[in-house]
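Visitor: I would like to go through this structure with you and ask, label by label, what each one rests on.
Guide: Then let us have it in view before we begin.

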Amino acid sequence: MDLLNTLVDKGLRRELPTREEALAVLATSDDDLLDVVAAAGKVRRQWFGRRVKLNYLVNLKSGLCPEDCSYCSQRLGSTTGILKYTWLKPDEASKAAAAGLAGGAKRVCLVASGRGPTDRDVARVSETIKTIKDQNEGVEVCACLGLLSDGQAERLRDAGADAYNHNLNTSEGTYADITTTHTYADRVDTVQKAHAAGLSACSGLIAGMGESDEDLVDVVYSLRELDPDSVPVNFLIPVEGTPLGKEWNLTPQRCLRILAMVRFVCPDVEVRIAGGREVHLRTMQPLALHLANSIFLGDYLTTEGQAGKADLEMIADAGFEVEGTDQVTLPEHRTETAAGGCGSHESAGCGSHAGAGCGSHEGAGCGSHEGAGVCGTAAAAVPAGEARTDLVAVRRRGAGTDLAPNA
């Protein structure tokens with residue numbers, strides 16, 4: 001297919017595809033799907049080999065959010081029945097992080113629900129970052145706290161944070177349809193503050209909220225312009241009790257096309273499969289590893305994910321390897337010219353919440369969105385208006401509980 005040959009050539013040169021080419025990827029047929037995956041896989045392997053970076057979420061503060069993001073289980077007035085608790089102490093957060101690191105995670109994402117941190121919150125999280133760094137050599141820490149005020153990104157960097165996440169989530173044109181308590185411009189400003197402070201910026205999107213192909217291309221091109229080092233791709237989990245609880249718009253094939261489009265537009269950037277992979281990709285998850293080079297291990301912020309052991313087995317069975325702490329995630333051309341962050345922001349590049357979120361849309365989330373259900377769960381056509389409690393389980397273990405985490 002001429003389109004795919006053109007996109008591969010551009011991806012290997014770090015050249016931006018046209019919008020028409022990006023839209024054409026989303027419009028390909030299921031018959032062409034394996035060709036699309038194979039083409040995007042060539043670009044992925046050029047810049048990241050067969051490595052898969054593992055990330056681990058620690059929800060420092062769950063629920064209790066004043067924002068009204070329609071996709072979020074932690075939103076104002078939520079009736080989802082999620083765990084609700086205030087800030088974990090530094091040693092509690094470090095203990096939770098250690099479980100993920102023991103399972104092979106390289107980065108810990110510290111997430112807190114809310115519009116954004118107060119200066120006291122930044123001091124609290126800074127102490128947590130220092131505790132985790134002191135106790136775990138070589139760990140990366142991403143802070144995911146919502147909208148930043150002036151000077152807060154610098155304070156987090158000085159405490160040892162490596163990265164900061166705040167997702168754009170959807171296109172500027174449709175943003176007001178999903179959130180009214182803050183603006184798209186607010187999110188862009190926070191990503192820019194992280195960049196300016198020398199933090200590695202992490203910003204992504206949520207697919208499946210009823211958006212058009214044009215909306216998806218709009219947000220991915222906006223991300224490329226912002227040039228974060230990592231781009232989490234979340235797939236909406238329609239959680240019962242949220243305004244989008246009846247939006248079941250995704251198929252495994254649709255998810256793979258979206259990931260391929262993101263890879264072509266952002267060829268040399270860490271593309272992370274975030275919340276919803278277990279729910280929407282299901283048994284097709286291994287194919288997605290040919291497109292993305294990063295995933296979350298274990299549970300998400302408020303919902304359960306695939307067992308950590310199953311994640312590791314899936315990676316090995318698909319012929320990939322877990323990225324070690326001694327390996328640099330980004331290609332050399334992005335790291336060697338970095339101005340203080342974890343990546344350079346030159347010609348290529350592409351790169352939350354509900355107030356916050358390291359790659360998440362789940363209310364605040366480091367690359368997660370609201371959870372994930374059980375890998376391989378049968379997912380027949382979803383009857384209109386019905387909740388899928390078989391695919392989504394509220395998290396009742398790990399951070400904020402007395403039970404061991406899934407890692």
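Visitor: What makes C144 buried or exposed?
Guide: This is a predicted model, and in it C144 has a relative accessible area of 0%; buried means under 20%, so C144 counts as buried. C202 falls under the same label, because its relative accessible area is 1%.

Visitor: How many disulfides does the structure hold?
Guide: The structure holds zero disulfides, a statement that rests on a cut-off of 2.5 Å between a pair of cysteine sulfur atoms.

Visitor: Why is D150 called exposed?
Guide: The relative accessibility of D150 is 69%, and exposed means over 50%, so the label follows for D150. D150 is found in the loop between β3 and α6, and its C-alpha lies 9.4 Å from that of T190, although the two are 40 residues apart in sequence.

Visitor: T190 belongs to α8, I believe; how do you know that the span of helix α8 agrees with what is expected?
Guide: Helix α8 (residues 184-196) has 13 residues, which at 1.5 Å a residue should span 18 Å, and because its end C-alpha atoms are 19 Å apart, the two values agree. Within α8, the buried residues are Y184, R187, V188, T190, V191, K193 and A194, and what covers them includes α6, β4 (163-165), α7 (175-178), β5 (200-202) and α9 (213-226). Just after α8, G198 takes a positive phi of about 85 degrees.

Visitor: What span does helix α5 reach, and what is expected of it?
Guide: Helix α5 (residues 119-135) has 17 residues and reaches 25 Å from its first C-alpha to its last, close to the expected 24 Å. Its buried residues are D121, V122, V125, S126, T128, I129, T131 and I132, and among the elements that cover them are β1 (51-61), α4 (90-102), β2 (107-112), β3 (140-144) and α6 (152-159).

Visitor: How many aromatic pairs are there, and why is the pair of Y175 and Y184 called edge-to-face?
Guide: With ring centres required to lie within 6.5 Å, the count comes to two aromatic pairs. The rings of Y175 and Y184 have their centres 6.1 Å apart and their planes at 65 degrees; planes over 60 degrees apart count as edge-to-face, so this pair takes that name. Both Y175 and Y184 are buried. F296 and Y300 also form an edge-to-face pair, with 6.4 Å from centre to centre and 65 degrees between the planes, and both F296 and Y300 are buried.

Visitor: What makes the charged end of R50 count as sitting over the ring of F320?
Guide: The charged end of R50 is 4.5 Å from the centre of the F320 ring, against a limit of within 6 Å, to which a condition of within 35 degrees of the ring normal is added. The charged end of R19 likewise sits over the ring of Y221, at 5.9 Å from its centre.

Visitor: Which residues have the most contacts inside the largest nonpolar core?
Guide: In this core of 101 residues they are V58, L156 and F235, while helix α10 (residues 252-265) gives the most to the core, with nine residues. Leaving aside residues up to four places away in sequence, V58 touches L88, A93, A96, A97, V108, C109, L110 and V111. A second, separate core of ten residues includes C109, C142, C144 and A163, which brings us back to C144, where we began.

Terms used: Residues numbered from 1 in each chain as written. Predicted model: local features only at pLDDT ≥ 70, side-chain atom pairs only at ≥ 80, totals over all residues. Heavy atoms only, no water. Helix = DSSP H or I, 4+ residues; strand = E, 2+ residues; numbered from the N terminus. Expected span 1.5 Å × (residues − 1). Buried < 20%, exposed > 50% of the residue type's maximum accessible area, 1.4 Å probe, protein only. Contact = heavy atoms within 4.5 Å. Phe/Tyr/Trp six-rings, centres within 6.5 Å; stacked < 30°, edge-to-face > 60°. Core = buried A, V, L, I, M, F, W, Y, C linked by side-chain atoms within 4.5 Å.
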